[in-house]
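Subject: The structure for you to look at

Hi,

Here is the structure I promised to pass on. Have a look at it first, then read my notes below with the viewer open.

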Amino acid sequence: MKTRAKVIPLARRPGPEDALIEVDGVRKVFPVGASFLTVLDEVRFQVSRGELVCIIGRSGCGKSTLLKILAGFLAPSAGKVLLNGETVARPGPDRCMVFQEDALFPWLTVRENVAFGLRGKGLSTTEVREQVDKFLALVGLREFHNYLPRHISGGMKQRVALARVLILEPQVLLMDEPFAALDAQTREEMQDLLLTLWRQLSHTIIFVTHDITEAVALADRVLVMSTAPGRIQQQLRVELARPRRRDREDFMDLAGKLSAALR
Amino acid sequence: MWKKEKYFNGPLILPWIIPCLGILLWIIVSKTEVVPGYLLPRPLEIGKAGYSYIFGEAGGGPYAGRFLADLGSSTVRVGCGFALAVLLGLPLGIASGRLPYVHELFSNSINGLRAVPGISWLPLAMIWFGIGMKTTVFLVALAAFFPIYLNSAAGATQVNPLLLQAGAMMGVGRVRGTFAILLPAAMPHIITGLRLGLGISWAYLVLGELSGVPNGLGAIIMDARMLGRTDFIVVGIIVIAVIGRVSDRLLTVLLRSCFKSARRLN
Ligand SMILES: Nc1ncnc2c1ncn2[C@@H]1O[C@H](COP(=O)(O)OP(=O)(O)OP(=O)(O)O)[C@@H](O)[C@H]1O
Ligand SMILES: [Mg+2]
């Protein structure tokens, strides 16, 4: 009798016990002149291991600020961020950020940029080269390894930025509107690339965007932020099967829902 | 691309146009005898004087064959003074560009001292150090310190904070962050500071050597004045101009061969 091996996905509805990241009542107040600006207030959410969460919100609602707190670049005014149950206090290679702007080292080639985080880790030159080659291939930049950042396009720069953090195998990948500056075509390519890499490497990703289509295309779950002060106003689970077609009706339905929630 | 080819010979010829015009003008002026020869010697006499200074046999005329020895002692003075300025100015500048406390501590005093013309230090330096090596090194170091300090500080201030954040998130510590991110990112400013500093070093070398040192490129200028040899004054001026330019090129080449960031940024 022929039995068909069937991979049964653990029908995991990630609960609080799997939480890799816990954002607990985070508040951020900036002094502005003589007064204060409350940018984030009582932000509370969790992200499970392996999840791809998108955060959307209007411009200026505090998305970047939230991500900087998660990365450890900024300290929250109140509340805390836990990673594996431990409070995040400073930046570290377990939480890597792909910035909205170009943040590559302009005096290093693509290869040297990708290798940067590996230096000082006690790897041999050969090991470093193999690792770098592997990740350059993953983001499709093998032929460009000797180029300087100023000689490659914006989309390629973001691929390098992705490769240089993926190579560190961070537990969490923080992405701050990484594809916002790209044209529509390139942006979709980059989204597909990100999904492929996510499937292969199963990172946990927190992806900030203000592009609704991008959120629906990528996310397991979308968090919608409100403005002034920024709060998580609504959560939406995206149950669409992958690969997702942007022109399908259910896709557009969801996008419509999110768009209404943002308004 | 076509533009580059069209002007292909430009970079080779352009830098020499002004020196050549200068010499031409000089020849015309001295031929017409508008200016008497003891004020402005003829180019030919300068050529002879320069030849004897550089290639002449020692004893075959005034200053004959002294060039190498003078160059050597002047270079040592400039080298020591400049090195001192770099050793102090670069770290202090970088630190005050990044650390507000260091900046608060030093910026007032340094900017105050900067306003004092170097020549007013000369009498004090002569009392402190006597005539010769030490005074000259002191003046050179003092003068070169300011551009190096100010430009390193400006470079360190203007480093894109995103690069430092990127480093921190990749697990780069303070020390490596300084050498692998901060200094390379500030490199264009640092280079500017070093070049300005080296340039002014030669100026203050002459000042230091004017005070009565027996040897050195500045010393022959002063000595020639006392002997009334205008031709050797001009030779001294030209030699210093050439040496200044050559040392500037050497500095740039040295930095470019040592640091990726010096090669690849700009
Ligand atoms: N260092 C700071 N000091 C004072 N105010 C700040 C500071 N950083 C951010 N803000 C303010 O916080 C608010 C949120 O900024 P933030 O950059 O987080 O917005 P955002 O959601 O990322 O916007 P965008 O989509 O345009 O990138 C803005 O009103 C901004 O002016
Ligand atoms: Mg932002």
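Let's start at a small spot in chain A: Leu82(A) has Thr87(A) in E5(A) as its bridge partner. Before you trust any detail, keep in mind that this is a predicted model.

That little pair belongs to strand E4 (residues 78-83) of chain A and E5(A), which run antiparallel and share 2 bridges. Zoom out and you'll find an open sheet of 4 strands in chain A, in the order E2-E1-E4-E5, with antiparallel pairing. Its edges are strand E2 (35-48) and strand E5 (86-87), each of which pairs on one side only.

Now the other sheet. Chain A also has an open sheet of 6 strands, ordered E6-E7-E8-E3-E9-E10, and here the pairing is mixed. The edge strands are strand E6 (95-98) and strand E10 (232-237) of chain A. On average, neighbouring strands in this sheet are turned by 20° against each other, ignoring direction.

You can see the mix for yourself:

- E3(A) and E8(A) are parallel, with 5 bridges.
- E7(A) and E8(A) are parallel too, over 5 bridges.
- Strand E9 (residues 221-225) of chain A and E10(A) are antiparallel, with 5 bridges; Arg221(A) has Arg237(A) as its bridge partner there.

Val208(A) in E8(A) is a handy landmark. Ile55(A) has Val208(A) as its bridge partner, and Asp176(A) stands opposite Val208(A) as well.

Is E8(A) mostly covered or mostly open? Mostly covered: 6 of its 6 residues are buried. Thr204(A), Ile206(A) and Val208(A) point one way, while Ile205(A), Phe207(A) and Thr209(A) point the other way.

Two helices lie across strands of this sheet. Helix H5 (residues 184-201) of chain A crosses E3, E7 and E8, running at about 160° to E8(A). Helix H1 (residues 63-71) of chain A lies across E3, E6, E7, E8 and E9, at about 155° to E7(A).

Next, charges. Side chains of opposite charge can pair when their charged atoms come close. Over all chains there are 24 salt bridges. Here are a few to click on.

Glu177(A) and Lys63(A) form one of them, at 4.0 Å from N to O. Glu177(A) sits in the loop between E7 and H5 and Lys63(A) in helix H1 of chain A, 114 residues apart. Both residues are buried.

Arg187(A) and Asp211(A) form another, at 3.1 Å. Arg187(A) is in helix H5 of chain A and Asp211(A) in the loop between E8 and helix H6 (212-218), so the pair ties together parts that are 24 residues apart in sequence. Asp211(A) counts as buried because its relative accessibility is 18%, and the cut-off for buried is under 20%.

Over in chain B, Arg195(B) and Asp248(B) meet in a salt bridge at 2.9 Å. Arg195(B) lies in helix H9 (residues 174-210) and Asp248(B) in helix H11 (residues 230-258), so this pair links parts 53 residues apart in sequence. Asp248(B) is buried at 13%, whereas Arg195(B) is partly exposed at 38%.

Back in chain A, shared partners join Asp24(A), Glu42(A), Arg44(A) and Lys80(A) into one salt-bridge network.

Last stop: chain B has a nonpolar surface patch of about 830 Å², whose members include Leu12(B), Ile13(B), Ile17(B) and Leu24(B). Ile13(B) is in helix H2 (residues 10-32) of chain B.

Cheers

Methods: Residues are numbered from 1 along each chain as its sequence is written. Chains are lettered from A and ligands numbered from 1 in the order in which they are written. This is a predicted model: local features need pLDDT of at least 70, side-chain atom pairs count only at pLDDT 80 or more; totals for chains, interfaces and linings use all residues. Side-chain values use heavy atoms; hydrogens and water are left out. Two strands pair if DSSP finds at least two bridges between them. Patches are made of residues with over 30% relative accessible area and no salt bridge: like charges are joined within 9 Å, nonpolar side chains (Val, Leu, Ile, Met, Phe, Trp, Tyr) within 5 Å. Accessible areas come from the Shrake-Rupley method with a 1.4 Å probe; for residues, only the protein chains shown count as cover. A salt bridge is a side-chain nitrogen of Lys or Arg within 4 Å of a carboxyl oxygen of Asp or Glu. Axes are lines fitted to C-alpha atoms, for helices over the stretch in contact, and angles run from 0 to 180 degrees between N-to-C directions. Contact means heavy atoms within 4.5 Å. Buried means under 20% relative accessible area, exposed over 50%, partly exposed in between (1.4 Å probe, protein chains only).
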